[in-house]
Amino acid sequence: MYAVLAGGVGAARFLRGLTAAVPGEEIVAVVNVGDDLTLHGLRICPDLDSITYWLAGVVHPEQQWGRADERHTVADELRRFGDPGWFTLGDRDLATHLHRTARLREGAPLSVVTDEIRRAFGVSTRLLPVTDDPVETRIHTSDGRDLHFQEYWVRERARPQVAEIAFAGAADAEPAPGVVEAILDADVVLVAPSNPVVSIDPILRVPGLRAAVHQSPAPVVGVSPIVGGRVVRGMAHRLLPAVGAEVSAAGVAAYYGDLLDAWVVDDRDRDAVATVEATGVRAVATDTMMDDPEVAAALARTCLALAGGGS
Ligand code: FO1
């Protein structure tokens, strides 16, 4: 069984590769919920939905979030009522939020609703929100604003200088049912090439998570989200400095510290292998650019081989 700590798009592409290497039924993704927001009274879970849509093969191919063959009839009509429209919700995507919100209102926990949704999309990989409790990633900007992650990333396009990143509610959150067990029972724990600061950290900040990863007998293998000193996608290069981490493949490995047993960097960061191995973490360089599903599958196999195969 394989447990994957996962954020959004980078994790979705990695998971698509992993499902080509091992059966989806053997994979549990522990997914960040810090990006989640309520808009128009609907609960929206971008990372859970991106992974669901990717694994179901229905994700919007260019955007890599939201649905393919999408229309925005409802979003257009909402502007009539003054909706600023900076967070685009397509018609098909809205069905997911309507269903999720109705189920949550009936008292179903997010983990139960998430399992219903992924099964409805025919996804065999188990998706677990890291917690059923509210955790919200807040970006405190240098000009004194306290922004929801989506306001910072989508509305402000990650332009504001970041003073601090906070995870509101994390200290009081509990791991969702099955999360700690999945990590303790895993043959391999994988850290997807997600944003270390706003995707992986909000997972590890849930009390008990970091301890579970350390306690697990499974080797922990991560994939660098930084290639050639740059992000593949997103804004990690803007956030890593705010937490004192270097924007490099070796810098992210150092940021994860003693969590890792092994680290996979892109071929372009071959020179980082020695640096990482000097810290006692095994490292390999390979092609990590997962535009091609075959590359994603090969990357997943490399991770499993590095973990010692994992049964
Ligand atoms: N990203 C954008 O850049 N613009 C959007 O309007 C937008 C809407 C959106 C709606 C649903 C959803 O699940 C994701 C959406 N995203 C949008 C992406 C989202 O901001 C990121 O994928 C994650 O939060 C970061 O991984």
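Ala6 of strand 1 stands opposite Val31 in strand 2, and strand 1 (residues 2-6) and strand 2 (residues 27-31) pair in the parallel sense over five bridges. Strands pair here if DSSP finds at least two bridges between them; strands (E, at least two residues) and helices (H or I, at least four residues) are DSSP runs numbered from the N terminus. The model is predicted: local features need pLDDT of at least 70 and side-chain atom pairs count only at pLDDT 80 or more, while totals for chains, interfaces and linings use all residues. Residues are numbered from 1 along each chain as its sequence is written, and side-chain values use heavy atoms, with hydrogens and water left out.

**Seven-stranded sheet**

- An open sheet of seven strands follows the order 5-2-1-9-10-13-14, with parallel pairing.
- Strand 5 and strand 14 (282-286) occupy the edges with a single partner strand each, so one side of each is left without a neighbour in the sheet.
- From one strand to the next, the twist averages 20 degrees; angles run from 0 to 180 degrees between N-to-C directions, and axes are lines fitted to C-alpha atoms, for helices over the stretch in contact.
- Helix 2 lies across strand 1, strand 2 and strand 5, and runs at about 175 degrees to strand 5; contact means heavy atoms within 4.5 Å.

**Three-stranded sheet**

- A further open sheet, of three strands, has the order 7-6-8 and antiparallel pairing.
- Its edges are strand 7 (146-148) and strand 8 (162-168), each with a single partner strand, so one side of each is left without a neighbour in the sheet.
- Neighbouring strands of this sheet are turned by 30 degrees against each other on average, direction ignored.
- Six bridges join strand 6 (residues 136-141) to strand 8 in the antiparallel sense, and Glu136 stands opposite Ala168 in strand 8.
- Helix 8 (residues 196-204) packs on the sheet, where it touches strand 6 and strand 8, and its direction makes about 30 degrees with that of strand 8.

**Helix 1 and helix 13**

- The axes of helix 1 (residues 9-21) and helix 13 (residues 293-306) come within 7 Å and cross at roughly 75 degrees.
- The two helices, helix 1 and helix 13, are therefore roughly perpendicular to each other (under 35 degrees counts as roughly parallel, over 145 as roughly antiparallel, 65 to 115 as roughly perpendicular and the rest as oblique).
- Among the contact residues are Arg13, Phe14 and Leu18 of helix 1, and Ala296, Leu299 and Leu304 of helix 13.
- The residues of this contact divide into 11 nonpolar, one polar and three charged (Ala, Val, Leu, Ile, Met, Phe, Trp, Tyr, Cys and Pro count as nonpolar, Asp, Glu, Lys and Arg as charged, and the others, Gly among them, as polar).

**Helix 4 and helix 5**

- Helix 4 (residues 91-105) and helix 5 (residues 110-120) pack at an angle of about 140 degrees, with their axes 10 Å apart; helix 4 and helix 5 are therefore oblique to each other.
- Thr96, His99, Arg100, Arg103 and Leu104 in helix 4 meet Leu110, Val112, Val113, Glu116 and Ile117 in helix 5.
- The residues of the contact of helix 4 with helix 5 comprise five nonpolar, two polar and three charged.

**Aromatic pairs**

- There are four aromatic pairs, counted where ring centres of Phe, Tyr and Trp (its six-membered ring) lie within 6.5 Å; planes under 30 degrees apart count as stacked, over 60 as edge-to-face and the rest as tilted.
- The rings of Tyr53 and Phe121 have centres 5.5 Å apart and planes at 65 degrees, so the pair is edge-to-face.
- This pair links distant parts of the chain, 68 residues apart: Tyr53 lies in helix 2 (residues 46-56), and Phe121 in the loop between helix 5 and strand 5 (126-129).
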